Amino acid sequence: MEDDVLNFKIKKSLGQNFLKNEKICQKIVEVAEVENSFVVEIGPGFGALTQELLKYAKKVVAVEKDKDFMPFLEKKFGSNSKLLIVWEDFLNLDFKRLVEEHSNGLKVVVCANLPYYITTPILLKILHSKLKCNLILMVQKELAVRIAAKPGTKNCGAISALVHYFFKPEIVFNVSRANFFPVPKVESAVLKLTAKEKDETLKCEETFLKLVRVSFSQRRKILINPVSFSFNISKEILKEVLNEMGLKGEARAEELKLEDFIKLSNFIFKTKKS
Ligand code: SAM
(Lines give C-alpha, C1' and ligand atoms only; values in the text may rest on other atoms or scores of the structure.)
Protein backbone atom coordinates (compact mmCIF):
# COMPACT_ATOMS: atom_id res chain seq x y z
CA MET A 1 0.00 0.00 0.00
CA GLU A 2 1.26 3.47 -0.87
CA ASP A 3 2.63 5.73 1.90
CA ASP A 4 0.09 8.52 1.35
CA VAL A 5 -2.75 5.99 1.76
CA LEU A 6 -1.16 4.63 4.94
CA ASN A 7 -0.88 8.18 6.31
CA PHE A 8 -4.53 8.97 5.60
CA LYS A 9 -6.48 9.80 8.74
CA ILE A 10 -9.27 7.22 8.72
CA LYS A 11 -12.63 8.45 10.01
CA LYS A 12 -14.49 5.70 11.80
CA SER A 13 -17.41 8.08 12.13
CA LEU A 14 -17.84 7.88 8.33
CA GLY A 15 -17.78 4.08 8.27
CA GLN A 16 -14.44 4.04 6.47
CA ASN A 17 -13.45 0.40 5.95
CA PHE A 18 -11.78 0.11 2.59
CA LEU A 19 -11.71 -2.88 0.28
CA LYS A 20 -8.15 -4.09 -0.15
CA ASN A 21 -8.86 -7.21 -2.20
CA GLU A 22 -9.01 -6.35 -5.89
CA LYS A 23 -10.68 -9.69 -6.67
CA ILE A 24 -13.67 -8.76 -4.48
CA CYS A 25 -14.02 -5.45 -6.32
CA GLN A 26 -13.97 -7.32 -9.63
CA LYS A 27 -16.58 -9.80 -8.38
CA ILE A 28 -18.89 -7.01 -7.21
CA VAL A 29 -18.68 -5.22 -10.55
CA GLU A 30 -19.25 -8.51 -12.37
CA VAL A 31 -22.53 -9.21 -10.54
CA ALA A 32 -23.54 -5.57 -10.91
CA GLU A 33 -23.76 -5.98 -14.72
CA VAL A 34 -22.86 -2.35 -15.41
CA GLU A 35 -21.94 -2.66 -19.10
CA ASN A 36 -23.16 0.49 -20.87
CA SER A 37 -24.94 1.64 -17.72
CA PHE A 38 -25.06 4.83 -15.72
CA VAL A 39 -23.65 4.08 -12.29
CA VAL A 40 -23.98 6.01 -9.06
CA GLU A 41 -21.33 4.99 -6.56
CA ILE A 42 -21.82 6.05 -2.95
CA GLY A 43 -18.58 6.62 -1.05
CA PRO A 44 -15.71 5.92 -3.50
CA GLY A 45 -13.07 6.41 -0.80
CA PHE A 46 -9.70 5.66 -2.44
CA GLY A 47 -11.52 4.50 -5.58
CA ALA A 48 -11.02 0.71 -5.42
CA LEU A 49 -14.52 -0.04 -6.73
CA THR A 50 -14.63 3.07 -8.89
CA GLN A 51 -11.64 1.83 -10.86
CA GLU A 52 -13.43 -1.42 -11.74
CA LEU A 53 -16.73 0.31 -12.48
CA LEU A 54 -15.03 2.66 -14.95
CA LYS A 55 -13.82 -0.31 -17.01
CA TYR A 56 -17.37 -1.28 -17.99
CA ALA A 57 -19.88 1.48 -17.23
CA LYS A 58 -20.70 4.24 -19.68
CA LYS A 59 -20.67 6.90 -16.96
CA VAL A 60 -19.99 6.91 -13.22
CA VAL A 61 -21.05 9.56 -10.74
CA ALA A 62 -19.32 8.98 -7.41
CA VAL A 63 -20.72 10.77 -4.36
CA GLU A 64 -18.23 11.24 -1.51
CA LYS A 65 -18.72 13.17 1.70
CA ASP A 66 -15.07 13.26 2.78
CA LYS A 67 -13.12 15.85 0.78
CA ASP A 68 -9.83 14.49 2.15
CA PHE A 69 -10.00 11.95 -0.69
CA MET A 70 -9.71 14.72 -3.28
CA PRO A 71 -5.96 14.44 -3.92
CA PHE A 72 -6.13 10.64 -4.10
CA LEU A 73 -9.01 10.50 -6.54
CA GLU A 74 -7.58 13.32 -8.66
CA LYS A 75 -4.26 11.49 -8.90
CA LYS A 76 -5.88 8.14 -9.62
CA PHE A 77 -8.45 9.18 -12.21
CA GLY A 78 -7.10 12.50 -13.50
CA SER A 79 -9.63 13.91 -15.90
CA ASN A 80 -11.37 10.66 -16.85
CA SER A 81 -14.32 11.94 -18.86
CA LYS A 82 -16.46 8.99 -17.76
CA LEU A 83 -16.23 10.03 -14.10
CA LEU A 84 -17.89 12.83 -12.18
CA ILE A 85 -17.19 13.15 -8.47
CA VAL A 86 -19.79 14.93 -6.39
CA TRP A 87 -18.38 16.05 -3.03
CA GLU A 88 -21.51 15.84 -0.96
CA ASP A 89 -23.29 13.88 1.74
CA PHE A 90 -25.43 11.38 -0.18
CA LEU A 91 -28.23 11.89 2.34
CA ASN A 92 -28.43 15.61 1.47
CA LEU A 93 -28.23 15.11 -2.27
CA ASP A 94 -31.16 15.34 -4.69
CA PHE A 95 -30.71 11.76 -5.93
CA LYS A 96 -33.62 11.88 -8.36
CA ARG A 97 -32.32 15.06 -9.99
CA LEU A 98 -28.78 13.70 -10.20
CA VAL A 99 -30.01 10.61 -12.06
CA GLU A 100 -32.32 12.58 -14.32
CA GLU A 101 -29.54 15.03 -15.22
CA HIS A 102 -26.82 12.49 -15.98
CA SER A 103 -28.31 9.11 -16.88
CA ASN A 104 -29.22 9.99 -20.47
CA GLY A 105 -31.77 7.19 -20.68
CA LEU A 106 -29.22 4.52 -19.73
CA LYS A 107 -29.92 1.67 -17.30
CA VAL A 108 -29.26 2.97 -13.77
CA VAL A 109 -27.18 0.99 -11.27
CA VAL A 110 -26.28 2.05 -7.73
CA CYS A 111 -23.14 0.35 -6.52
CA ALA A 112 -21.50 0.83 -3.12
CA ASN A 113 -19.50 -0.56 -0.31
CA LEU A 114 -21.76 1.28 2.07
CA PRO A 115 -20.83 3.03 5.28
CA TYR A 116 -22.67 0.64 7.63
CA TYR A 117 -23.83 3.35 10.01
CA ILE A 118 -26.19 4.79 7.39
CA THR A 119 -27.08 1.78 5.23
CA THR A 120 -30.81 1.91 6.04
CA PRO A 121 -31.28 5.69 5.53
CA ILE A 122 -29.41 5.46 2.22
CA LEU A 123 -31.57 2.55 1.09
CA LEU A 124 -34.76 4.33 2.16
CA LYS A 125 -33.72 7.44 0.28
CA ILE A 126 -33.22 5.45 -2.93
CA LEU A 127 -36.52 3.57 -2.41
CA HIS A 128 -38.47 6.75 -1.84
CA SER A 129 -37.06 8.32 -5.02
CA LYS A 130 -39.10 5.62 -6.86
CA LEU A 131 -36.53 5.61 -9.65
CA LYS A 132 -36.12 2.36 -11.49
CA CYS A 133 -32.60 1.16 -10.72
CA ASN A 134 -30.68 -1.93 -9.69
CA LEU A 135 -28.58 -1.84 -6.52
CA ILE A 136 -25.44 -3.79 -5.64
CA LEU A 137 -24.50 -3.06 -2.10
CA MET A 138 -21.91 -4.33 0.31
CA VAL A 139 -23.60 -4.28 3.71
CA GLN A 140 -23.22 -5.79 7.14
CA LYS A 141 -24.07 -9.52 6.86
CA GLU A 142 -26.88 -9.48 9.46
CA LEU A 143 -28.52 -6.57 7.70
CA ALA A 144 -28.27 -8.34 4.33
CA VAL A 145 -30.10 -11.33 5.84
CA ARG A 146 -32.75 -9.04 7.28
CA ILE A 147 -33.27 -7.11 4.06
CA ALA A 148 -33.54 -10.32 2.04
CA ALA A 149 -35.99 -11.91 4.54
CA LYS A 150 -39.35 -12.52 2.88
CA PRO A 151 -42.34 -10.69 4.35
CA GLY A 152 -44.29 -13.19 6.44
CA THR A 153 -41.12 -14.69 7.96
CA LYS A 154 -39.59 -14.02 11.37
CA ASN A 155 -36.57 -11.98 10.26
CA CYS A 156 -38.67 -9.56 8.23
CA GLY A 157 -38.72 -5.88 9.19
CA ALA A 158 -40.13 -2.74 7.56
CA ILE A 159 -37.06 -2.46 5.34
CA SER A 160 -37.50 -6.06 4.07
CA ALA A 161 -41.17 -5.48 3.20
CA LEU A 162 -40.37 -2.24 1.37
CA VAL A 163 -37.44 -3.78 -0.48
CA HIS A 164 -39.55 -6.78 -1.57
CA TYR A 165 -42.16 -4.45 -3.02
CA PHE A 166 -39.67 -2.60 -5.23
CA PHE A 167 -36.99 -5.26 -5.83
CA LYS A 168 -36.06 -8.92 -6.06
CA PRO A 169 -33.36 -9.17 -3.37
CA GLU A 170 -30.60 -11.78 -3.24
CA ILE A 171 -27.44 -12.21 -1.20
CA VAL A 172 -24.87 -12.94 -3.87
CA PHE A 173 -21.83 -13.69 -1.71
CA ASN A 174 -20.35 -13.12 1.72
CA VAL A 175 -17.15 -11.14 2.28
CA SER A 176 -14.97 -11.84 5.28
CA ARG A 177 -13.60 -9.08 7.50
CA ALA A 178 -10.04 -9.80 6.35
CA ASN A 179 -10.75 -8.14 2.98
CA PHE A 180 -10.94 -4.64 4.48
CA PHE A 181 -8.64 -2.14 6.10
CA PRO A 182 -9.03 -1.30 8.86
CA VAL A 183 -10.57 -4.69 9.69
CA PRO A 184 -14.19 -4.10 10.77
CA LYS A 185 -15.85 -5.86 13.71
CA VAL A 186 -18.53 -7.43 11.51
CA GLU A 187 -18.77 -9.72 8.50
CA SER A 188 -20.17 -8.38 5.24
CA ALA A 189 -22.29 -9.55 2.34
CA VAL A 190 -23.01 -8.30 -1.15
CA LEU A 191 -26.69 -7.76 -1.73
CA LYS A 192 -28.18 -7.46 -5.20
CA LEU A 193 -31.54 -5.72 -5.54
CA THR A 194 -33.05 -6.08 -9.00
CA ALA A 195 -35.85 -3.64 -9.80
CA LYS A 196 -39.27 -5.25 -10.25
CA GLU A 197 -42.04 -4.07 -12.55
CA LYS A 198 -44.63 -1.90 -10.79
CA ASP A 199 -47.36 -3.93 -9.04
CA GLU A 200 -50.51 -2.78 -10.78
CA THR A 201 -52.75 -4.16 -8.02
CA LEU A 202 -51.47 -1.57 -5.52
CA LYS A 203 -53.81 1.43 -5.47
CA CYS A 204 -51.63 3.94 -3.61
CA GLU A 205 -47.88 3.70 -2.96
CA GLU A 206 -47.92 6.40 -0.27
CA THR A 207 -50.53 4.46 1.78
CA PHE A 208 -48.51 1.26 1.36
CA LEU A 209 -45.26 2.92 2.48
CA LYS A 210 -46.96 4.44 5.51
CA LEU A 211 -48.75 1.17 6.39
CA VAL A 212 -45.49 -0.81 6.36
CA ARG A 213 -43.71 1.81 8.48
CA VAL A 214 -46.54 2.02 11.01
CA SER A 215 -47.10 -1.78 11.16
CA PHE A 216 -43.49 -2.46 12.13
CA SER A 217 -43.27 0.46 14.56
CA GLN A 218 -44.08 -2.01 17.37
CA ARG A 219 -43.05 -5.21 15.60
CA ARG A 220 -43.58 -7.59 18.53
CA LYS A 221 -47.10 -6.28 19.21
CA ILE A 222 -50.35 -6.80 17.32
CA LEU A 223 -50.45 -4.54 14.31
CA ILE A 224 -54.02 -3.25 14.46
CA ASN A 225 -53.20 -0.89 17.35
CA PRO A 226 -50.72 1.40 15.56
CA VAL A 227 -52.55 0.99 12.23
CA SER A 228 -55.91 1.95 13.78
CA PHE A 229 -54.32 4.98 15.45
CA SER A 230 -52.39 6.21 12.41
CA PHE A 231 -55.16 5.82 9.84
CA ASN A 232 -58.07 6.55 12.19
CA ILE A 233 -59.91 3.33 11.33
CA SER A 234 -61.58 1.29 14.09
CA LYS A 235 -59.84 -1.86 15.36
CA GLU A 236 -63.05 -3.88 14.80
CA ILE A 237 -63.08 -3.04 11.10
CA LEU A 238 -59.36 -3.81 10.75
CA LYS A 239 -59.85 -7.15 12.54
CA GLU A 240 -62.61 -8.06 10.08
CA VAL A 241 -60.38 -7.21 7.12
CA LEU A 242 -57.52 -9.29 8.51
CA ASN A 243 -59.92 -12.22 9.12
CA GLU A 244 -61.19 -11.96 5.53
CA MET A 245 -57.56 -12.22 4.41
CA GLY A 246 -57.21 -15.42 6.45
CA LEU A 247 -55.23 -13.76 9.25
CA LYS A 248 -55.96 -13.47 12.97
CA GLY A 249 -57.11 -10.12 14.30
CA GLU A 250 -54.08 -10.33 16.62
CA ALA A 251 -51.60 -10.75 13.75
CA ARG A 252 -48.19 -9.09 14.09
CA ALA A 253 -46.50 -7.27 11.20
CA GLU A 254 -43.97 -10.07 10.64
CA GLU A 255 -46.87 -12.47 9.86
CA LEU A 256 -48.09 -10.50 6.85
CA LYS A 257 -46.89 -11.47 3.38
CA LEU A 258 -46.29 -8.79 0.76
CA GLU A 259 -49.70 -9.45 -0.84
CA ASP A 260 -51.35 -9.03 2.61
CA PHE A 261 -49.75 -5.58 3.00
CA ILE A 262 -50.96 -4.68 -0.49
CA LYS A 263 -54.54 -5.84 0.25
CA LEU A 264 -54.64 -4.05 3.59
CA SER A 265 -53.18 -0.91 2.06
CA ASN A 266 -55.81 -0.98 -0.73
CA PHE A 267 -58.56 -1.35 1.87
CA ILE A 268 -57.23 1.62 3.86
CA PHE A 269 -56.89 3.73 0.71
CA LYS A 270 -60.47 2.92 -0.37
CA THR A 271 -61.85 3.63 3.14
CA LYS A 272 -60.05 6.98 3.46
CA LYS A 273 -61.17 8.06 -0.02
CA SER A 274 -64.88 7.36 0.48
N1 SAM B 1 -15.74 2.41 -1.81
C2 SAM B 1 -14.57 2.40 -0.95
C3 SAM B 1 -14.06 1.01 -0.81
O4 SAM B 1 -14.81 0.06 -1.09
O5 SAM B 1 -12.89 0.84 -0.44
C6 SAM B 1 -14.90 3.00 0.44
C7 SAM B 1 -16.00 2.32 1.21
S8 SAM B 1 -16.17 2.88 2.87
C9 SAM B 1 -17.01 1.50 3.58
C10 SAM B 1 -17.48 4.05 2.83
C11 SAM B 1 -17.21 5.35 2.09
O12 SAM B 1 -18.39 6.15 2.16
C13 SAM B 1 -16.11 6.19 2.66
O14 SAM B 1 -15.32 6.68 1.61
C15 SAM B 1 -16.82 7.35 3.37
O16 SAM B 1 -16.07 8.54 3.44
C17 SAM B 1 -18.05 7.50 2.49
N18 SAM B 1 -19.21 8.09 3.15
C19 SAM B 1 -19.60 7.97 4.45
N20 SAM B 1 -20.74 8.62 4.68
C21 SAM B 1 -21.11 9.17 3.48
C22 SAM B 1 -22.21 9.97 3.07
N23 SAM B 1 -23.15 10.33 3.92
N24 SAM B 1 -22.27 10.36 1.78
C25 SAM B 1 -21.30 10.00 0.89
N26 SAM B 1 -20.23 9.24 1.23
C27 SAM B 1 -20.14 8.82 2.50
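Two strands pair if DSSP finds at least two bridges between them, where strands (E, at least two residues) and helices (H or I, at least four) are DSSP runs numbered from the N terminus. The model is predicted, so that local features need pLDDT of at least 70 and side-chain atom pairs count only at pLDDT 80 or more, while totals for chains, interfaces and linings use all residues. Residues are numbered from 1 along each chain as its sequence is written, and side-chain values use heavy atoms, with hydrogens and water left out.

**Exercise 1.** Describe how β5 and β6 pair, and place them in their sheet.

*Solution.* Strand β5 (residues 108-113) runs parallel to strand β6 (residues 134-140), and five bridges join them. Both belong to an open, mixed sheet of seven strands, ordered β4-β3-β2-β5-β6-β9-β7. Because β4 (83-86) and β7 (167-175) each have a single partner strand, one side of each is left without a neighbour in the sheet. Within the β5-β6 pair, Cys111 stands opposite Ile136 in β6. Helix α2 (residues 22-32) packs on the sheet, touching β5, β6, β7 and β9 (188-195), with contact meaning heavy atoms within 4.5 Å.

**Exercise 2.** Determine why Cys111 forms no disulfide with Cys25.

*Solution.* A disulfide is a covalent bond between the sulfur atoms of two cysteines; the criterion here is a pair of cysteine sulfur atoms within 2.5 Å. The closest cysteine sulfur to that of Cys111 belongs to Cys25 and lies 9.3 Å away, which is too far for a bond. The structure accordingly holds zero disulfides. As for exposure, Cys25 has a relative accessible area of 3% and Cys111 one of 0%; Cys25 is buried, and Cys111 is buried as well (under 20% relative accessible area, with exposed over 50% and partly exposed in between, for a 1.4 Å probe and protein chains only).

Methods
Axes are lines fitted to C-alpha atoms, for helices over the stretch in contact, and angles run from 0 to 180 degrees between N-to-C directions.
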